[in-house]
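User: I would like to go through the labels used for this model and see what each one rests on. Please set the values against the cut-offs.

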Amino acid sequence: IFGGVVLSDWQKLSGERSSIEQKLADFREKGIDYVRLECNFGSADDIGGAAQLGNNPLFGARFDLLAEAAKECQKREMVPLVLIQVPWRETGGDSNDYFKQAIKCFANALRDARVESKQVILETRPPIGVSTREERGLAGTMRISLGLETGRRMFDAIEEAFDGDTVAGFCVAGGSTKGDVPTAMEDDTQNAVRQGMRQ
């Protein structure tokens with residue numbers, strides 16, 4: 001059994017090195033094994049196109065802070081579980097572009113910060129590129145096909161970004177249709193994404 005915590009204010013604390021170091025030290029003393037770090041880059045309108053994730057210095061600074069926070073976790077023998085959120089239901093291939101660019105920028109930031117990627121767990125929303133209504137309207141076999149294809153594309157993007165080094169694990173952040181989450185993926189689509197990544 002592993003114990004974990006969500007460090008919701010990591011971006012604020014990363015600007016105050018002593019503060020994040022103390023907080024992580026406290027977590028370790030309490031026997032915490034992994035720390036979840038969430039970074040939401042906002043909507044497509046907020047970002048202004050996938051290329052901006054790599055070109056806009058403000059986004060670059062956030063990736064750098066995220067890598068530094070992950071490094072501080074590893075220094076204290078805790079695994080960073082990093083949730084990166086970018087637009088994932090955009091049509092016309094845009095979602096896949098956002099995913100690929102975000103993973104590439106994150107991988108570069110980890111390398112620059114000398115973070116051991118094989119000791120990082122990554123979590124994102126799968127870039128399926130269809131709306132909630134469209135997904136629910138698909139036949140079950142079509143949703144499975146969509147999930148498998150998405151999972152394969154995600155695996156390829158991660159492998160390319162990390163140059164074969166990859167990460168310790170990956171979590172699909174698709175939400176659950178059993179709860180009150182209006183944008184959640186259908187369960188069979190999520191399962192297919194996982195299968196696609198394993199293939």
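**Labels and their grounds**

Analyst: Beyond its neighbours within four places in sequence, F162 is in contact with I103, F106, A107, L110, R111, S117 and V167. The model is a predicted one.

User: What makes these residues contacts of F162?

Analyst: They count as contacts because heavy atoms lie within 4.5 Å. F162 is also listed, with V35, F41, L53, F63, I84 and F106, among the residues with the most contacts inside the largest nonpolar core.

User: How many residues does that core have, and which element gives the most to it?

Analyst: The core has 52 residues. Helix α6 gives the most, with nine residues. The elements that give two or more include β2, α5, β3 and α8.

User: What is the span of α6, and how does it stand against the expected one?

Analyst: With 19 residues, α6 reaches 27 Å from its first C-alpha to its last. The expected value at 1.5 Å a residue is 27 Å, so the span is close to what the definition gives.

User: Which residues of α6 are called buried, and what do they pack against?

Analyst: Among them are Y98, F99, A102, I103, F106 and L110. They are called buried because their relative accessible area is under 20%. The buried residues of α6 pack against α3, α4, α5, β3, β4 and α8.

User: Why is the pair of F41 and F59 called edge-to-face?

Analyst: A search of the whole structure finds two aromatic pairs. For F41 and F59, the centres are 5.8 Å apart, and the cut-off for a pair is 6.5 Å, so the two rings pair. The planes are at 70°, and over 60 degrees counts as edge-to-face, so the label follows.

User: Where in the chain are the two partners, and are they buried or exposed?

Analyst: F41 is in the loop between β2 and α3, while F59 is in helix α5, 18 residues apart. Both F41 and F59 are buried. Together with F63 they form one aromatic cluster.

User: How do you know that a charge sits over the ring of F41?

Analyst: The charged end of R62 is 4.7 Å from the ring centre, and the limit is 6 Å, so the distance condition is met. R89 lies over the face of W88 at 4.4 Å from the ring centre.

User: What is the confidence behind these labels?

Analyst: The mean pLDDT of the protein chain is 90, and 93% of its residues reach 70 or more. Among the elements, helix α6 has the highest mean, 97, and helix α1 the lowest, 69.

Terms used. Residues are numbered from 1 along each chain as its sequence is written. This is a predicted model: local features need pLDDT of at least 70, side-chain atom pairs count only at pLDDT 80 or more; totals for chains, interfaces and linings use all residues. Side-chain values use heavy atoms; hydrogens and water are left out. pLDDT is the predictor's confidence in each residue, from 0 to 100. Helices (H or I, at least four residues) and strands (E, at least two) are DSSP runs, numbered from the N terminus. Rings of Phe, Tyr and Trp (its six-membered ring) pair if their centres lie within 6.5 Å; planes under 30 degrees apart count as stacked, over 60 as edge-to-face and the rest as tilted. Buried means under 20% relative accessible area, exposed over 50%, partly exposed in between (1.4 Å probe, protein chains only). A charge sits over a ring if NZ of Lys or CZ of Arg is within 6 Å of the ring centre and within 35 degrees of the ring normal. A nonpolar core is a set of buried Ala, Val, Leu, Ile, Met, Phe, Trp, Tyr and Cys residues joined through side-chain atoms within 4.5 Å.
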